[in-house]
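Work through the exercises below with the model open beside you. Try each task before reading its solution.

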Amino acid sequence: MKIGIVGLGNMGSAMAHGLLENKIETYLFDRHEEKRDVFKKYENAHILLTDREVVEKSDAIIVAIKPYAYDEFLEKVKDIIDKQIIISITSSFDLKKLEEKLKGKKFLMALPNTPAKVMESMTGICPGKNIEEDELKEIEEVLSSFGKTKIVSEKDIKIFESSCGCMPAYVYMFIEAAADACVYYGMKRDMAYECVSQAVMGAAKMVNETKEHPGVLKDQVTTSGGTTIKGLKSLEESAFRASIIDAIESIMEN
Ligand SMILES: NC(=O)c1ccc[n+]([C@@H]2O[C@H](COP(=O)([O-])OP(=O)(O)OC[C@H]3O[C@@H](n4cnc5c(N)ncnc54)[C@H](OP(=O)(O)O)[C@@H]3O)[C@@H](O)[C@H]2O)c1
């Protein structure tokens, strides 16, 4: 499958690196020359000079531009969309809007998050009704080049985005706070970030790979009368869990 990407900003360039590193033929365009030039080093990168060319040459096109620019882009290329699959990466341009703009065509939503930059995205895929089973499989495979993918139903897409899409920001804040504590007690700032982020990554990997319940894993590091339980008690007193649920709820209720 030949993949096109229109827009090579934060998300577009992160996804492009993943696809190109995995030897996928990729057709790229951004209106800024310096953003296109970054990809010249890849043999399998086809750098084009218009968004229409990307649509003409690709089987599936990732629209990696800001939500407000989607309307204009789709209007501009609508007449040359035939069998190509249009991929929206923003929930602001959901299946309903895609259906309005591209009635009868093939489209889907694929919501990545910024860890796509280090090939660790959690991408939720929500297919439109004209996407065939084999096409969906191929798209999943392609998008797996920059992380993990899951099929998410249309009804779950908002909670997926409020949790997984925003998760990097929540975790960055957590890492910053824990590193501040380390600095408070005299550790060097760089070392604090490195140690804390590795500890967070290790814990996330434990959940993912052992498939143990997070509560069981927590119990395994909590010795009776030890130090960890003291930290956990303090977190409970500050309503740590409730604050996280509240943060996600505040997005869902908007
Ligand atoms: N950042 C995230 O965490 C995240 C996560 C999931 C999804 N998303 C979604 O990803 C999309 C892209 O976000 P981003 O942060 O990557 O944006 P960005 O950094 O602004 O990148 C978009 C790039 O596309 C260019 N562009 C706009 N219209 C174009 C067109 N018609 N043809 C070619 N290039 C065009 C822009 O140029 P100009 O600057 O001149 O407009 C810019 O260089 C958004 O819809 C966002 O909602 C973001």
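**Exercise 1. The ligand shell**

Which helix gives the most to the shell around the ligand, and with how many residues?

*Solution.* The model is a predicted one. Start with the whole shell: 25 residues surround the ligand. Gly7, Gly9, Asn10, Met11 and Thr90 are the closest. Next, look at the helices. Helix H1, residues 10–21, contributes the most, with three residues. Last, sort the shell by class. It holds 11 nonpolar, nine polar and five charged residues.

**Exercise 2. The sheet**

Give the strand order of the open sheet, and find which strands stand at its edges.

*Solution.* Eight strands make up the open sheet. Their order is E3-E2-E1-E4-E5-E6-E7-E8, with mixed pairing. Now take the two ends. Strand E3 (45–47) and strand E8 (147–151) each have a single partner strand, so one side of each lacks a neighbour in the sheet. From one strand to the next, the twist averages 25°.

Then zoom in on one pair. Strand E5 (residues 85–88) and strand E6 (residues 106–111) run parallel and are joined by four bridges. Ile87 stands opposite Leu108 in E6.

Finish with the helix on the sheet. Helix H6 (residues 133–143) packs there, touching strands E1, E4, E5, E6, E7 and E8. The direction of H6 makes about 165° with that of E7.

**Exercise 3. H7 against H12**

Describe how helix H7 packs on helix H12, then list the residues that make the contact.

*Solution.* Two values come first: two packed helices are described by the angle between their axes and the distance between the axes. For H7 (residues 157–165) and H12 (residues 240–252), the angle is about 135° and the axes lie 9 Å apart. H7 is therefore oblique to H12. The crossing of H7 past H12 is right-handed. Now the residues. H7 supplies Lys158, Ile159, Ser162 and Ser163, while H12 supplies Ile248, Ile251 and Met252. By class, this contact of H7 with H12 has four nonpolar, two polar and one charged residues.

**Exercise 4. H8 against H9**

At roughly what angle do helices H8 and H9 cross, and which residues meet?

*Solution.* The axes of H8 (residues 167–184) and H9 (residues 189–210) come within 9 Å and cross at roughly 130°. The two helices are therefore oblique to each other. H8 passes H9 in a right-handed crossing. From H8 come Val171, Ile175, Ala178, Ala179, Cys182 and Val183. They meet Arg189, Ala192, Tyr193, Val196, Ser197 and Val200 of H9. The contact of H8 with H9 divides into 10 nonpolar, one polar and one charged residues.

Technical notes. Residues are numbered from 1 along each chain as its sequence is written. This is a predicted model: local features need pLDDT of at least 70, side-chain atom pairs count only at pLDDT 80 or more; totals for chains, interfaces and linings use all residues. Axes are lines fitted to C-alpha atoms, for helices over the stretch in contact, and angles run from 0 to 180 degrees between N-to-C directions. Angles under 35 degrees count as roughly parallel, over 145 as roughly antiparallel, 65 to 115 as roughly perpendicular and the rest as oblique. A crossing is left-handed if the near helix is turned anticlockwise from the far one by less than a right angle, and right-handed if clockwise. Two residues are in contact if their C-beta atoms, placed from the backbone, lie within 7 Å. Ala, Val, Leu, Ile, Met, Phe, Trp, Tyr, Cys and Pro count as nonpolar, Asp, Glu, Lys and Arg as charged, and the others, Gly among them, as polar. Two strands pair if DSSP finds at least two bridges between them. A residue is near a molecule or strand if its C-beta atom, placed from the backbone, lies within 6 Å of it.
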